[in-house]
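Work through the exercises below with the coordinates open. Try each task before reading its solution.

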Amino acid sequence: MTPTSRAARVDLTMRGSLYVLFAGVPLAVVGQVDATHGYLAVLAAGLAAAQAVAAVMLLHSAIDHRLGKAPRPRRRIVVAGALSLAAVAAAIPVTALADGTYAAVAVVVLASLLIALDPMISTWMTVTIATAGWVIAAGPAVVAGDAGFGANLGLLLVVVALLATERWTVWTIDVIRQLDEAQHVKAELAVAEERLRFARDLHDVAGRTLSVVALKAELAAQLGKRGRPEAVEEMLEVRRIAQDSLAELRAVVSGLRTARFDEELAGARSLLDAAGISCRVIGDGAGLAEPTRATLGWAVREATTNVLRHSRATSCTIELDRAADGTVTFTMTNDGTMTNDGTMTNDGTMTNDGTMTNDGAGGAGAARGNGLTGLAERVAGAGGTVDAGPVPPDRFRVAVSLPRTREAV
């Protein structure tokens, strides 16, 4: 907690109140000192005041230790313990008590030491020490039937009240500390989520566009080698795609980019056609709620990127199905996953030697990569599921299922 934070100010206020209240108890011994004893009385009063300061310092360190902010204050324990014993020994001869016993001095001084140690010891140990100390101090009065027993019982109740106050204060400070840490964790999670969103968007934009640029550039190079004039048109198309990608990247940076199902579907058909992949579309997004359409837009984008980057497809089928219960299922299936050497080339599918390749499509036991992992996170946020993997003999399928939502008006 920073010193200027609200939690730090509350912590300081509560501790200050506790310390003022706590220090006043040992100092009460000074009021019992008979000044006629001269230097011995001054010594007793000085030791009582020093013990009060040492006990407060020990309590402060003990609370920090309880909260995990400092090690056990062994040196302060020794100093406070020694001053407590010295204060009791010096005060007994010069204390003017009505019953003539030392019980009040011993209980007050030693109880302050016990309360200072309380944050570092268990509740049972605190109760045992307090009870045993009070029985020893008040035992003579109980056996003799002296009226001083009532005063000693009152002292015990004061100790119990101080212990309860100290416990409640430490608990409250701990709760405030945890709330303050939770606020920081919340802020860090928000930053991490924004970074993850930016990474997903950047992957979606750059992944698909660079795949198309690579295909177009390769085609232009082949046409150029043959002296074909179409090479110029292909390079102009590469420039157009690069310009569109730049605009999308700017939208990603500004946080304004969204995926629209109809636009993404039209763009996918255009890109697949440019890559020489025939595309068949079954169904449309008419009547779907806007959140569903946005999620399906991301699915179209990622599935298209998957086909362009990780397959040698010649055809693919995009299907949008609506079940009777309102569930919407988007499926994109393509061929070209099997090469001549028997290696699966699609996103994270299985090679002939049993290893996973590329992005991790997420079949049974498969490890996901950035693309389909990002899609799965988006779909999970909408309450849906993603199922991606090879379909024998040589096809690959990405299926996205979304639950029923309110349909667009």
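**Exercise 1.** Is arginine 397 buried, partly exposed or exposed?

Solution. Start with the ground rules. The model is predicted, so local features need pLDDT of at least 70 and side-chain atom pairs count only at pLDDT 80 or more, while totals for chains, interfaces and linings use all residues. Residues are numbered from 1 along each chain as its sequence is written, and side-chain values use heavy atoms, with hydrogens and water left out.

Step 1: apply the classes. Buried means under 20% relative accessible area, exposed means over 50%, and partly exposed is in between (1.4 Å probe, protein chains only).
Step 2: read the value. Arginine 397 has a relative accessible area of 35%, so the residue is partly exposed.
Step 3: find its partner. Arginine 397 forms a salt bridge with aspartate 387, 3.8 Å from N to O. A salt bridge puts a side-chain nitrogen of Lys or Arg within 4 Å of a carboxyl oxygen of Asp or Glu.
Step 4: place the pair. Arginine 397 is in strand β5 and aspartate 387 in strand β4, so the bridge ties together parts 10 residues apart in sequence. Aspartate 387 is partly exposed too, at 41%.

**Exercise 2.** Lay out the sheet and name its edge strands.

Solution. Step 1: fix the terms. Strands (E, at least two residues) and helices (H or I, at least four) are DSSP runs, numbered from the N terminus. Two strands pair if DSSP finds at least two bridges between them.
Step 2: write the order. The open sheet has 5 strands, β1-β2-β3-β5-β4, with mixed pairing.
Step 3: find the edges. β1 (278-282) and β4 (385-391) each have a single partner strand, so one side of each is left without a neighbour in the sheet.
Step 4: check one pair. β1 and β2 (residues 315-322) run parallel, joined by 5 bridges. Arginine 280 stands opposite threonine 317 in β2.
Step 5: add a helix. Helix α8 (residues 261-274) lies across β1, β2 and β3 (328-334), at about 155° to β1. Such axes are lines fitted to C-alpha atoms, for helices over the stretch in contact (heavy atoms within 4.5 Å). Angles run from 0 to 180 degrees between N-to-C directions.

**Exercise 3.** Why do cysteine 279 and cysteine 316 not form a disulfide?

Solution. Step 1: state the test. A disulfide is a pair of cysteine sulfur atoms within 2.5 Å.
Step 2: compare. The sulfur of cysteine 279 is 3.8 Å from that of cysteine 316, its closest cysteine sulfur, which is too far for a bond.
Step 3: count. The rule gives 0 disulfides.
Step 4: check burial. Cysteine 279 is buried at 18%, and cysteine 316 is buried at 2%.

**Exercise 4.** Which residues are linked with Asp64 in a network of salt bridges?

Solution. Step 1: list the members. The network links Asp11, Arg15 and Asp64.
Step 2: take one pair. Aspartate 64 and arginine 15 form a salt bridge, with the closest N and O atoms 2.7 Å apart. This pair links distant parts of the chain: aspartate 64 is in helix α2 (residues 39-66) and arginine 15 in helix α1 (residues 6-27), 49 residues apart.
Step 3: check burial. Aspartate 64 is buried at 14%. Arginine 15 is buried at 4%.
Step 4: set the total. The whole structure has 10 salt bridges.

**Exercise 5.** Where is the cis peptide bond?

Solution. Step 1: recall the background. Most peptide bonds are trans.
Step 2: locate the cis bond. Proline 392 and proline 393 are joined by a cis peptide bond, with omega about 5°.
Step 3: place the site. Proline 393 is in the loop between β4 and β5.
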